[in-house]
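I opened this entry to keep track of what I looked up, item by item. The notes follow the order of the look-ups.

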Amino acid sequence: MKKTIVCGIFALMTAAMASTALAQPVNYNSTVAMPERGLTIHFLGADNGMVRITGDGKYVLLPVEESAPDAYIRVDVNSKLEHEFNCRLAQTKVDYYVPFDLTPYRKLGKVLLDMRHPHEGRNSRPAREAMWAKHIKLSNTFDTKNTEKFRPLLHFTPIYGWMNDPNGMVYKDGEYHLSFQYGPYGSTWNNMTWGHAVSRDMITWEQLDHIIIPNGLGAIFSGSSVVDKNNTAGFGRDAIIAIFTSAGHKQIQSLAYSNDNGRTYKIYDGNPIISSDKECRDPNMFWNEKTGRWNLVLASPLEHEDIFYSSTNLKDWTFESSFGKGYGCQEGIWECPDLMQLPVRGTNEKKWVLVCNINPGFIYGGSGTQYFIGEFDGHKFTCDDAPGVTKWMDWGKDHYATVSWANAPQDRHLAIAWMSNWQYADRVPTMQFRSANSIPRELDLFRDDDGKLQMGVNPVKEFDSYRGTAIKYGSFAFNNKAVSKALPKENDGVCDIVLDLNAGSATQVDITLSNSLGEKVVMTYDIEARKFSMDRRKSGITDFSAEFPGVTAAPAPKGKQQSLRLIIDRSSIEAFDGQGRFAMTNLVFPNEPYNTITVAASKGKGKVTNLTVYPLKPGH
Ligand code: FRU
């Protein structure tokens, strides 16, 4: 009996030892030299890979997998931490590569990228076996060829990576500058940096190096830029001054300046220049001719307020007042304000307009741009409308973070929007890049049919020079039998359509864009209800988000005569009333380009008096 017990214990011990041996952790530590890829990786356990740069090459090409969790990367030079960022390093497959430019770090010494690799969870692997370790490499070039069928032809998109708000837009010496909230290491929001592009006409853009990267004060959130013509800040005559939100422990406002036409920026050593105990962001500044001082407006998102400041030197700011409590749409949070003075069409009158982006809370869900018309004396904004009135600048679902260019020539008021919606921006069916901006728009004010002041929004006239030879379809009658016209063959999902109609006895007119797969976008004028709507429920790929399919509607001008302009650029439709009395921006993802336009009335009959389609030419 005793023996049996002893034997039994022995047997148990042997089994336990055997299972311990099985469960013994794999030793993942190893050092693998990969001279052909220009690097050596020290694998330290399952969750760490230190990539030592040993070869030549401007970039490290980082393999990314969209669905992987974020890896945390530290850039050490001679053991000093110089930079840090997150990247969804590929675990099981490589979706695409993003370049990390080594140039600034190589100058300082020996570079090591220390990757903290999340190895737990579905689809993850120990660092040594992860796809990024198998494919990471040095290279002097980065392939920027477009790989996306939904990439627009004439709307700004980053060559690769994630983009949200337009930032720091300023005109100087013949160039329009466009910075943007940029996530350079993958196509989802992260590592917010100011990307940078320049253009001579706001349509053809050249993307340059990023200008402001995250630093010790935090990530670089939205902000604005001005030209300091009189050197009020002391950084030099005509310096470009950028003020933006540093999003670190708190949201504080920081300044940077450029003395080389916006190519490079120096961070001011007196930052922060504005701080508050509340969340505050997206500073937008301008020179106020009347008071001879700078003004700045800052969003207080959670309070639903915009806060006004003034300054003589762009560095020291005095609080003036705030506006917002109870006004306009009070849902969600208020972000990205802009304040400007706009002319009233056909008069010498000018009014102040406060642009206020909100998210969520837009009338059709998620992100949208509202505005307030009133007076501003350099200290206080007074709204002409009663608190409950909400005015939308664009009636589509993909128009957010709209802000205007500083120092625009000929006193023009030029604005651009991020053409997406926070409800689904990171799920749209593109991968190499995410998000485009709207076509830049020229703003003014007009009196609507009820005598109320509204914002007028028209595509900038520079866009017209991208039109190819007009294809005229003449005039034709329509009734409840649909009249269809084929769009030009060269359309390829990109065209500019002008359609004028007289609704006649028809009370409802449908204008449909469709393709041979049965995908369609139906736009409807409801003449009596004075409404224009766009239905993208069957527009193509819509299932990436339940918030995407839907119908948006805008107030249309009164009467039977309507004039519509549609700018279609592969994955977007921007609809404008012919005189800019409404604008509606919606994304669409058709599996093949819409190649037919159809006009029909549900009852009665009407006439299309002009249908002209312009093919659009690539950038020049
Ligand atoms: C608006 C916004 C801003 C912020 C930025 C961060 O889309 O939330 O308020 O500065 O995006 O990327």
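Entry 1, a first salt bridge. The model is a predicted one. I began with Lys80 and Glu82, whose side chains meet in a salt bridge with an N to O distance of 3.5 Å. I then looked up the accessibility of both partners. Lys80 has 52% relative accessibility and counts as exposed, since the cut-off for that class is over 50%. Glu82 is partly exposed, at 29%. A search of the whole structure gave me 30 salt bridges.

Entry 2, a salt bridge between distant parts of the sequence. I took Arg345 and Asp444 next; their closest N and O atoms are 2.8 Å apart, and the pair forms a salt bridge. I placed Arg345 in the loop between β22 (333-343) and β23 (350-359), and Asp444 in strand β30 (residues 441-447), so this pair ties together parts that are 99 residues apart in sequence. Arg345 is partly exposed at 30% relative accessibility. Asp444 has 17%, which puts it among the buried residues because that class takes values under 20%.

Entry 3, another pair of this kind. Asp492 and Arg570 form a salt bridge, with 3.1 Å between the closest N and O atoms. I found both partners in loops: Asp492 between β34 (483-486) and β35 (494-502), Arg570 between β40 (561-569) and β41 (572-577), so the pair ties together parts 78 residues apart in sequence. Asp492 is partly exposed with a relative accessible area of 45%, and Arg570 is partly exposed at 22%. I also noted one network, in which salt bridges that share partners join Asp464, Arg467, Asp496 and Arg565.

Entry 4, the ligand. Which residues are around the ligand? I listed Asn164, Asp165, Gln181, Trp189, Met192, Phe221, Ser222, Arg281, Asp282, Glu335, Tyr400 and Trp422. By class, I sorted this shell into five nonpolar, three polar and four charged residues. I then checked polar distances to oxygen atoms of the ligand. A side-chain N or O atom of Trp189 is 2.9 Å from a ligand oxygen. For a polar side-chain atom of Arg281 the distance to a ligand oxygen is 2.7 Å, and for a side-chain N or O atom of Asp282 I noted 2.6 Å. On its own the ligand has 310 Å² of accessible area, and the protein covers 94% of this. The elements that give two or more residues to the shell are β10 (161-172), β14 (219-228) and β18 (281-288).

Entry 5, strand β42. Is β42 (residues 583-587) mostly covered or mostly open? I found it mostly covered, with five of its five residues buried. I went through the two faces separately: Ala583, Thr585 and Leu587 are on one side, Met584 and Asn586 on the other, and all are buried. β42 runs antiparallel to β41, and five bridges join the two strands. One facing pair I wrote down is Ala575 opposite Met584 in β42. β41 and β42 form a hairpin with five residues between them. In the turn, Gly580 has a positive phi of about 65 degrees.

Entry 6, strand β44. I looked up Leu611, which lies in β44 (residues 606-615). Leu611 is buried at 1% relative accessibility. Its C-alpha is 8.7 Å from that of Leu501, although the two residues are 110 apart in sequence. β44 is mostly covered, with seven of its 10 residues buried. Next I went through its pairings. Strand β32 (residues 471-472) pairs with β44 in the antiparallel sense over two bridges, and Lys472 has Thr612 in β44 as its bridge partner. Strand β33 (residues 476-478) runs antiparallel to β44 and is joined to it by three bridges, with Ala477 partnered by Lys607. Eight bridges join β35 to β44, again antiparallel. Here I noted Tyr614 in β44 as the bridge partner of Asp496, a residue of the salt-bridge network in Entry 3.

Entry 7, a buried glutamine. Gln370 is in strand β24 (residues 368-376). Its relative accessible area is 0%, so I logged Gln370 as buried. I looked for a polar partner of its side chain and found the backbone nitrogen of Cys329, 2.9 Å from a polar side-chain atom of Gln370.

Conventions: Residues are numbered from 1 along each chain as its sequence is written. This is a predicted model: local features need pLDDT of at least 70, side-chain atom pairs count only at pLDDT 80 or more; totals for chains, interfaces and linings use all residues. Side-chain values use heavy atoms; hydrogens and water are left out. A residue is near a molecule or strand if one of its heavy atoms lies within 4 Å of it. A polar contact is a pair of N or O atoms within 3.5 Å; within protein, one must be able to donate a hydrogen and the other to accept it, and residues adjacent in sequence count only if both atoms are side-chain atoms. Accessible areas come from the Shrake-Rupley method with a 1.4 Å probe; for residues, only the protein chains shown count as cover. Helices (H or I, at least four residues) and strands (E, at least two) are DSSP runs, numbered from the N terminus. Ala, Val, Leu, Ile, Met, Phe, Trp, Tyr, Cys and Pro count as nonpolar, Asp, Glu, Lys and Arg as charged, and the others, Gly among them, as polar. A salt bridge is a side-chain nitrogen of Lys or Arg within 4 Å of a carboxyl oxygen of Asp or Glu. Buried means under 20% relative accessible area, exposed over 50%, partly exposed in between (1.4 Å probe, protein chains only). Two strands pair if DSSP finds at least two bridges between them.
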